[in-house]
Amino acid sequence: MDKLVIEGNVPLRGRLPVSGSKNAALPILLACILAEGSVRLRNVPKLRDISTTLELLRLLGCEAEQDGNSVETCVGANLTPEAPYDLVRTMRASVLCLGPLLARLGKAVVALPGGCAIGSRPVDLHLRGLERMGAHFDLEGGNILGRCDRLRGAHIHFDFPTVGGTENLLMAASLAEGETILENAAREPEVVNLADFLNACGARIQGQGTSIIRIQGVERLTGAEFRIMPDRIEAGTYLVAAVITDGELYLENCSMNDLDAVVYKLREMGVWIQEGKSGVLAKRGAKLVGVDLMTQPFPGFPTDMQAQVMTLMGLADGSGVIKETIFENRFMHVQELVRMGAQIKVSGQNAMIRGVTHYNGAPVMASDLRASASLVLAGLAARGTTEVRRIYHLDRGYEELESKLSQVGARIRREAQ
């Protein structure tokens, strides 16, 4: 198992390319199950979760190969309905094959998913919606066993705007008979990217990016060529990296359109951010101040940026409160930041942060993907040496992190533990 060793207190300066979005690429890869013919995807990041998804597609009977940042897939004649536990347990997004398999084969056997330890994230909203469309489910030996005749369109109202649930039903409804209406649907840009991909394959979807999505089912989808959107969470993480090191970074292939809530809060803290022709420039302003924020579904402040902004707030003047409303266990990075000198107190859903003058390097342990990123950010700013352990989480979601950071001045290296 590897660790990252960081010699901190070095300003980062230069240009960084933003990779393709992991959270957009994963459902789009699984949506390839629906398409007849070959699909070519561009701007796909080289990540562990992507490799896992490609392996899952191959086990299901699809051809799937990655060459650099391009992926080609083609559904073979021997498509099978079984997604085994050994793969699904490592990556929660694997459950998104449920809808496509039911739509394409009329049956699916999918292990209950695993992933980061940030909360329960139940799949009941997925199953309830698919049942409205005519599917039937049993739970046996830790597997979800689904079956149906052809799925039928339905009017579905989500209790909560679930991203995964919206994506699963969006894919299933594309080949269902009749019209499906999803109300209180997730509005995240990654959901929009998925809908745009499905439309490129011949689906008839309207309303993506709003809370009401309408899908007219079609008989078949065909192959297409499509570009994955930039990763807005990676972009937000590097915005924080520029500021927390008192540096200046220009992020290429980055649009502020999908980062409005993050940019708004960073500017409120005193960060200087300007959009250019092909990216975004960020640096520290006159001084940083603490702010209050609450994580919410898009277009609110994303839970995936909570840990990174908390780390920055730990070095700001004054205090601020962060309320986490999406996942119940997403303050697991706090105790590690405290080991580095942060002053943070957690009470239920709330974390109060009082700014300190500096962090001190220390050995720390990552608990999930975004917690890992927050500890790397703290290490970049800290005095002395920081060791971030259990970085396999980082490899799931950040493409060539240490290589990119090294290119803009970070003293960071990977070592075996």
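These entries record what I looked up in a predicted model.

**Entry 1: the annotated positions**

I began with the UniProt record, an unreviewed entry, which lists Lys22 and Asn23 under "binding site". I then located both residues in the model. Lysine 22 belongs to helix H1, which spans residues 22–31, and asparagine 23 lies in H1 as well.

I next asked whether lysine 22 is buried or exposed. Its relative accessible area is 6%, under the 20% limit, so I recorded lysine 22 as buried. For asparagine 23 I found a relative accessible area of 27%; this value falls between 20% and 50%, and therefore the residue counts as partly exposed.

I also listed the contacts of each residue, leaving out residues up to four places away in sequence. Lysine 22 touches Pro45, Leu47, Asp49, Asp231, Leu369, Arg370, Arg396 and Gly397. For asparagine 23 the list reads Glu167, Glu190, Asp304 and Arg370. Arg370 thus appears in both lists.

**Entry 2: strand E25**

I turned to strand E25, residues 385–389, and asked which side chains point to which face. Thr386 and Val388 point to one face and are buried. Thr385, Glu387 and Arg389 point to the other face and are not buried. I noted for reference that side chains in a regular strand alternate between the two faces of the sheet.

I then looked up the pairing partners of E25. Strand E1, residues 2–7, runs antiparallel to E25 and is joined to it by five bridges. Within E25, threonine 385 stands opposite glutamate 7. Strand E24, residues 363–365, pairs with E25 in the parallel sense, over three bridges. Here proline 363 has glutamate 387 of E25 as its bridge partner. I followed the chain from E24 to E25: it passes through helix H12, residues 369–381, and this β-α-β crossover is right-handed.

**Entry 3: the nonpolar cores**

Which residues have the most contacts inside the largest nonpolar core? I found Leu41, Met133, Phe197 and Leu198, in a core of 78 residues. H1 gives the most to this core, with seven residues.

I examined methionine 133 further, again setting aside neighbours within four places in sequence. Its contacts are Leu151, Arg152, Ala154, Ile156, Leu169, Ala172, Ala173, Ala176 and Thr180. I also recorded a second, separate core of 71 residues, which includes Leu249, Cys254, Ala316 and Ala342.

Conventions:
Residues are numbered from 1 along each chain as its sequence is written. This is a predicted model: local features need pLDDT of at least 70, side-chain atom pairs count only at pLDDT 80 or more; totals for chains, interfaces and linings use all residues. Side-chain values use heavy atoms; hydrogens and water are left out. UniProt positions are given in the numbering used here, feature names are shortened, and annotations may be inferred rather than shown by experiment. Helices (H or I, at least four residues) and strands (E, at least two) are DSSP runs, numbered from the N terminus. Buried means under 20% relative accessible area, exposed over 50%, partly exposed in between (1.4 Å probe, protein chains only). Contact means heavy atoms within 4.5 Å. Two strands pair if DSSP finds at least two bridges between them. A crossover is right-handed if, with the strands pointing away from the viewer, the path from the first strand over the helix to the second runs clockwise. A nonpolar core is a set of buried Ala, Val, Leu, Ile, Met, Phe, Trp, Tyr and Cys residues joined through side-chain atoms within 4.5 Å.
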